[in-house]
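Hi everyone, thanks for coming. I'll keep this short, so have a look at the model on the screen while I talk.

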Amino acid sequence: MFYRENGQFKSSYASDQQMLPILQDRVLMLGLLAFAFLVVPFVISDYVFLSLLIPFLILTVAALGLNLLVGYCGQISLGHAAFMAVGAYAAYNLALRVPQLSFLVVLVLAGLIAAAVGVLFGIPSLRIKGLYLGVATLAAQFFIDWVFARVKWFTNYAHSGSVQTAPLEVFGWTVNSPVEKYLFLLCVLIVFTIVANNLVRGHIGRAWMATRDMDVAAEVIGIRPVYAKLTAFAISSFYVGVAGALWGFVHLGSWEPLAFNLTLSLNLLFMVIIGGLGSLLGSYFGAAFIVVLPIVLNQAPAWLGAPISTAMASHLEFMIFGALIVFFLIVEPHGLARLWAIGKEKMRLWPFPH
Amino acid sequence: MKKNAPVIALCAALLIGLLMPLMTGASPPGFYVEVLLGGLMAGVLYSLVALGFALIFKASGVFNFAQGAMVLFAALAVARLAERMPLWAAIVLAIGIMIVLAWFIERLVLRPLVNQDPIALFMATLGVTFFLDGFGQTVWGSDIYSIELGIAKEPVMVLQSIFQGGILVNKEDFMAALVAAALVGSLALFFQKTPTGRALRAVADDHQAAQSIGIPLNRMWVIVWAVAGIVALVAGVIWGSKLGVQFSLSLVALKALPVVILGGFTSVPGAIIGGLIIGVGEKMAEVFLGPPLVKAFDLAGGGIENWFAYVLALLFLLVRPQGLFGEKHIDRV
Amino acid sequence: MKQTAKYAVLAVSLAVAAAFGSTAALAQAKKTGAQAKEQFFPVLSYRTGAYAPNGIPFANGFVDYLKLVNARDGGIGGVKITWEECETGYATDRGVECYERLKGKGPTGATAFHPLSTGITFALTDKSFVDKIPIITAGYGRADSVDGTVFAWNFPLGGTYWDASDMLIQHIGKKEGGLDKLKGKKIALVYHDSPYGKEPIALLQERVKMHGFELLLLPVTHPGVEQKATWLQIRQQRPDYVLLWGWGVMNSTSIKEAVATGYPREKMYGVWWSGAEPDVTPAGDGAKGYNALTFMAPSGQGAVHKDILKYVYDKGQGTGKKEDIGEVLYNRGMNAALVTIEAVKRAQIKHGKKPLKGEEVRWGLENLALDNAAIKKLGFEGYMSPISTSCADHHGGSVAGIHTWEGKKWIVEKGTTLVADSQIIKPMIRASAEKYAAEKKIVKRDCAKEAG
């Protein structure tokens with residue numbers, strides 16, 4: 001009864017095209033933002049910031065990017081962590097070699113470089129699709145990992161192959177404490193979400209979705225598959241590249257190529273599938289789920305006071321993680337976002353059944 | 001004819017690349033043969049993992065990421081059971097375990113997910129991988145265990161009269177190749193001669209048609225997963241006797257992905273030949289292409305075998321998307 | 001109906017997750033509330049995954065020694081030791097999460113961290129400047145972190161990989177009859193393709209320039225079970241010596257491949273992390289003759305092990321199996337615990353017998369003076385080399401020997417004591433530390449001022 005759109009008429013194009021057409025949604029969103037900006041920084045401990053919220057925010061950007069490709073355009077990639085690596089190393093080299101650049105410029109340039117590499121490895125998508133394409137993108141994963149481990153220039157001839165970054169500075173603001181990092185990442189995430197939201201409801205997004213649903217049919221109705229698929233790869237890799245740069249600069253601070261290995265790629269894929277393919281909100285849910293779950297599972301025995309060894313706890317973590325993945329896929333193959341949609345549907349009538 | 005031109009060109013280029021070290025004299029012939037044998041041996045293992053993969057994909061359309069974890073699980077079972085009983089008993093018992101495992105996977109994972117997206121099924125097998133990794137280590141432990149087949153590990157020199165310096169070979173490798181060949185032979189017999197095998201082939205050709213003539217799909221899936229489990233067991237035992245069994249074994253199985261791409265997802269001979277090509281290709285590339293590459297670009301070490309297989313598979317995909325022996329896929333609107 | 005049931009299940013599972021979260025918050029609140037007389041030791045370990053065979057004995061030794069000090073001495077100067085293990089799986093991101101989880105526990109926060117992975121060390125080094133918690137990397141970590149003026153919180157006690165590779169080259173030179181005889185020789189480095197394996201390369205290249213031998217670099221990808229091509233290359237190039245820089249399952253695989261390609265094990269020299277029981281036993285008889293560096297802790301049992309058996313295992317409190325006490329990595333884990341505890345003892349002299357903060361413990365670490373008499377008193381005679389540190393030198397001296405696997409146990413080569421040539425290493429450390437300070441914009445400490 002509280003969540004109904006009755007009586008909210010759209011009387012102008014602007015109101016028809018706004019991002020949150022329902023008043024309650026707008027209120028909710030404002031409330032959420034206010035909570036995230038004004039309440040969270042004061043009540044949360046450093047541990048939660050550093051281990052949960054910061055990885056969550058960065059990986060959400062990456063999951064958004066991957067969701068644009070997999071969820072909206074239907075092209076599977078098992079190599080997105082490699083594009084994160086491209087973003088991270090591009091940012092590292094830009095910041096190192098052109099120190100006068102502002103970090104935001106570095107971030108955008110790193111994203112663009114990742115986009116270019118993404119398009120290059122997206123070319124096979126013009127010929128193959130589905131899981132075949134997934135395996136083809138594995139080539140990107142392993143090749144790019146190798147390049148960063150081997151070509152010394154990329155790591156500035158560091159003798160251990162590990163690179164480190166200087167503290168962040170954005171317009172004279174040193175992003176150093178967990179709270180500052182959190183606020184900075186929150187701003188980035190909001191911008192990227194707004195852009196993604198407008199992309200997917202614009203003509204590009206429609207072209208992607210047509211390609212996803214049936215590429216031959218999409219071609220028949222006049223969508224150029226080359227254009228649709230490659231833009232999806234480009235934009236997706238841009239997002240992921242930026243996420244990679246943030247992962248390196250904000251979260252890790254120093255990293256080695258192993259930080260962007262296949263496990264991360266698979267985790268990203270888990271995020272978009274558990275969260276919900278073709279749903280931006282789903283990327284949020286998925287990222288939260290995959291970031292939080294292993295940590296909760298790992299600590300749960302200790303919290304419950306169960307006297308089991310560290311080894312047993314981490315074996316259990318693996319087992320429960322795997323089982324939960326299967327469970328969620330069986331119970332709700334359309335992801336957590338679908339649950340949310342069903343919940344919203346129910347809210348319209350609640351508390352009266354009719 | 002014209003359509004096959006790029007494929008032929010690629011194969012020719014590969015062949016030339018393969019013979020290059022020999023022709024340019026970059027390698028003495030004896031050593032060349034050793035690398036070839038080493039590659040073939042690695043290839044046998046890739047083939048065995050890919051074989052299980054192709055079987056499952058053919059029969060149930062599932063892209064089974066858990067094949068590697070199954071290899072690990074089976075090998076761990078054999079290694080740990082063999083500490084308590086004779087080897088043959090351990091292997092028999094491990095086969096039993098793999099069949100039970102297949103039944104559980106079919107019941108708890110595949111059946112509820114029937115008719116879902118292939119990617120959802122793929123992710124589910126990833127979930128199974130995690131589960132098996134944790135479960136395997138809980139039950140069997142995380143140390144390095146060895147499987148003793150009772151074959152000498154010290155290499156022997158052969159053919160000293162033909163090649164200068166002779167060729168170093170391991171008896172173990174030949175035994176492994178023999179076992180693998182025997183396995184493939186018995187699988188072929190199983191598929192060609194037994195009623196169950198025929199039913200499986202029918203299922204692979206067309207699920208609906210098979211079901212309509214009364215073949216129980218669910219039971220067929222259990223059988224094919226069990227067969228894949230047994231193939232995994234053989235791969236695991238061979239690997240375990242060579243290098244020991246440990247958790248990290250499940251990661252090696254990733255190499256099966258480019259193999260099935262190369263050979264075609266649905267093809268059993270494709271998996272075997274693809275495995276051998278990848279095995280030989282990457283060892284050759286590492287040994288003969290790696291050092292010049294490192295020198296030319298001042299790299300920090302070689303290691304090109306990490307990506308060589310995938311890039312090779314990618315090239316094949318571009319010229320022949322269905323793989324060497326795969327069936328052509330036609331889309332209709 | 002079925003739908004509803006499904007969502008009920010989902011709702012329950014989410015509620016359980018939420019409950020976990022809240023109990024966690026409560027538990028944490030409870031812990032910090034009590035101001036007990038306790039010193040908290042974080043333990044980063046890996047008991048699962050590809051590196052578990054080596055991670056388990058180290059963690060057992062570490063925890064057993066903590067248990068011993070509590071049971072035998074009643075803690076450190078009356079302050080009880082508490083600890084919590086966190087599984088890193090040798091992965092950097094999990095290691096960082098563990099660090100964040102444990103750094104604030106106990107009444108005064110974490111005493112000092114042993115990351116037990118070079119990758120995690122690199123990541124934590126940055127954080128140490130903010131959190132002011134020492135990072136002890138006994139026998140691993142960044143080679144340049146010896147310089148305490150830049151790396152204010154890192155303690156590579158007992159030796160770095162630059163020390164180790166220098167010692168091995170010296171040893172090989174001695175075998176050949178002088179370092180000048182190395183000219184024209186071929187030495188291969190088979191290394192784990194991670195910061196750990198890459199660390200020694202810089203020093204080896206320095207030595208190449210001096211002696212003119214040829215260095216073959218052969219990286220092995222994580223986890224290290226695919227080495228066929230690596231050893232084929234060794235067979236082709238026939239290096240005079242092979243240096244092994246592996247960890248976990250990679251070590252035993254290397255030895256097995258050496259057997260399969262007929263490379264003499266007597267010519268193989270492992271770093272001190274490639275010379276423990278789990279590295280050789282899987283290779284069976286093939287491992288006979290394989291050599292490795294050993295620093296601080298060879299295998300075997302001494303006075304302290306008797307105490308551990310008496311106070312810990314006989315009371316059923318042991319972490320691992322009784323038979324495994326005295327293995328190389330077990331002893332090294334014990335040593336790692338020992339240096340931390342000795343640092344706390346030292347710091348208690350200055351700051352009083354109370355739970356100490358990381359910053360106070362650092363003072364102890366910078367003023368460690370363990371001579372042979374002190375080591376004997378602790379029961380570590382023969383299992384520990386003297387350490388003496390200062391504000392600028394976070395290293396404390398590095399001495400190592402060579403031990404050889406005889407098929408059943410490690411035999412230490414008599415009369416071989418190796419010390420790295422500081423003339424070569426010092427300038428390298430300085431240059432590398434300067435570079436780090438510049439990249440990170442770090443202000444160097446003035447040790448003279450702090451002492452005064």
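**Two domains in chain C**

Okay, so 15 residues of domain 1 of chain C are in contact with 17 residues of domain 2 of chain C; contact means that C-beta atoms, placed from the backbone, lie within 7 Å. A quick caveat: this is a predicted model, where local features need pLDDT of at least 70 and side-chain atom pairs count only at pLDDT 80 or more, while totals for chains, interfaces and linings use all residues. Residues are numbered from 1 along each chain as its sequence is written, and chains are lettered from A and ligands numbered from 1 in the order in which they are written.

Where are the domains of chain C? Domain 1 covers 36–158 + 299–389 + 429–451, and domain 2 covers 164–295 + 409–420, with bounds from an automatic or database domain assignment. Their C-alpha centres lie 27 Å apart.

On the side of domain 1 of chain C that touches domain 2 of chain C, helix 2 (52–73), helix 4 (118–131) and helix 11 (328–351) of chain C each give two or more residues. Helices here are DSSP runs of H or I, at least four residues, and strands are runs of E, at least two, numbered from the N terminus. Helix 4 of chain C has the largest share of that side, three residues.

Now the strands. Chain C has an open sheet of seven strands, in the order 6-5-7-8-9-12-13, with mixed pairing; two strands pair if DSSP finds at least two bridges between them. Strand 5 (residues 186–192) and strand 7 (residues 241–245) of chain C run parallel over five bridges, and C:Ala188 stands opposite C:Val242 in strand 7.
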